[in-house]
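Biologist: I should like to learn how to read aromatic contacts in a model. Could we begin with the burial of the residues concerned?

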Amino acid sequence: MADTPRASPVRIVDLVPFAYELDILEIRLHELNAVVDVFVIVESTRAFKKWSKALLLGAALESRRFESFREKIVYAVLDDAVEAKFRKLNGRKEDRYALETYTRGFLMEKYIEALGEPDDRTLFIHGDMDEVPAAEQVAAFKYCSPKDPRYPVALPTRFLAMNFAWRRADMPDLTFPNIFDRNSMQKHPLTGAPLPARTKGHWAMDFPTRGAHMSFFMPPEGDLLKQLSFSDGGIIERSEDDQSTGRYSRCSGQEPIDG
């Protein structure tokens with residue numbers, strides 16, 4: 001990444017959805033606190049599979065564990081009222097990613113609500129909670145202008161296990177999260193509001209530092225819960241998504257229906 005120093009650093013905003021990953025969030029905050037100006041975190045009362053989940057983060061943010069980061073955090077909840085709005089907009093369309101996409105757009109909506117429309121000196125980071133960029137990657141954009149001005153840009157991450165050993169070294173580094181400006185965001189298909197970038201990017205940062213993809217950083221039971229809650233994750237009989245798509249029979253205890 002060939003670049004030139006900026007006259008002054010740009011504002012960096014981290015947009016991230018939260019489900020259960022308190023430990024990963026704490027690591028993310030410690031890693032990025034020096035280079036991120038605002039963390040926008042949205043927690044939902046529904047998993048992406050549309051089944052209900054308890055809210056964990058609100059109380060945790062008031063504990064000593066997160067005390068040193070609290071002034072930088074904009075915390076919002078996607079609750080039943082917001083989900084009802086989503087259902088009204090989405091109608092009867094069967095799209096397993098619709099709620100996930102809406103949640104990602106809700107992050108940007110809450111940023112604008114709290115801090116106003118972004119200007120040209122604001123850059124956003126967006127990915128899943130476990131896609132943690134390295135502070136050095138973010139600092140390169142905060143303090144320097146890249147030679148290639150096109151956004152979004154991929155910040156490569158590599159799988160990291162709980163024992164801090166690199167995992168799946170035979171697999172290419174993933175191209176998430178993204179860093180981008182306001183002009184490179186798409187429009188949400190339902191609301192027309194700005195939608196945070198989640199693509200392979202126009203180019204990937206070639207700086208030797210890599211971030212950490214921490215999908216394997218939780219205990220096994222946490223990994224299982226996480227995988228089942230994905231939009232395209234495992235099958236749960238009580239999930240509204242799996243019931244509506246016929247992937248499970250409606251009779252309790254029966255085997256899943258193929259197809």
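Modeller: This is a predicted model. Phe-86 is buried, as is Tyr-102.

Biologist: How is a pair of aromatic rings described?

Modeller: Two quantities serve: the distance of the centres and the angle of the planes. In this structure, five aromatic pairs are found in a search of the whole. For Phe-86 and Tyr-102, the ring centres are 5.3 Å apart and the planes stand at 45 degrees, so the pair is tilted.

Biologist: In which helices do Phe-86 and Tyr-102 lie?

Modeller: Phe-86 belongs to helix H3 (residues 80-90) and Tyr-102 to helix H4 (residues 98-115). The two residues are 16 residues apart, and their pair links distant parts of the chain.

Biologist: What are the distance and the angle for Phe-141 and Tyr-151?

Modeller: Their rings lie 6.3 Å centre to centre, with 50 degrees between the planes, and form a tilted pair. Phe-141 is in helix H5 (residues 135-143), while Tyr-151 is in the loop between strand S7 (144-146) and strand S8 (153-154); the pair therefore ties together parts ten residues apart in sequence.

Biologist: Are Phe-141 and Tyr-151 buried or exposed?

Modeller: Phe-141 is buried, and Tyr-151 is buried as well.

Biologist: Which residues do ring pairs link into a cluster?

Modeller: The cluster consists of Tyr-111, Phe-124 and Phe-180, linked by ring pairs.

Biologist: Which ring does the charged end of Arg-198 sit over?

Modeller: That charged end is placed over the ring of Phe-176, 4.3 Å from its centre. Lys-53, in turn, lies over the face of Tyr-20, at 5.4 Å from the ring centre.

Definitions and conventions
Residues numbered from 1 in each chain as written. Predicted model: local features only at pLDDT ≥ 70, side-chain atom pairs only at ≥ 80, totals over all residues. Heavy atoms only, no water. Phe/Tyr/Trp six-rings, centres within 6.5 Å; stacked < 30°, edge-to-face > 60°. Helix = DSSP H or I, 4+ residues; strand = E, 2+ residues; numbered from the N terminus. Buried < 20%, exposed > 50% of the residue type's maximum accessible area, 1.4 Å probe, protein only. Lys NZ or Arg CZ within 6 Å of the ring centre and 35° of its normal.
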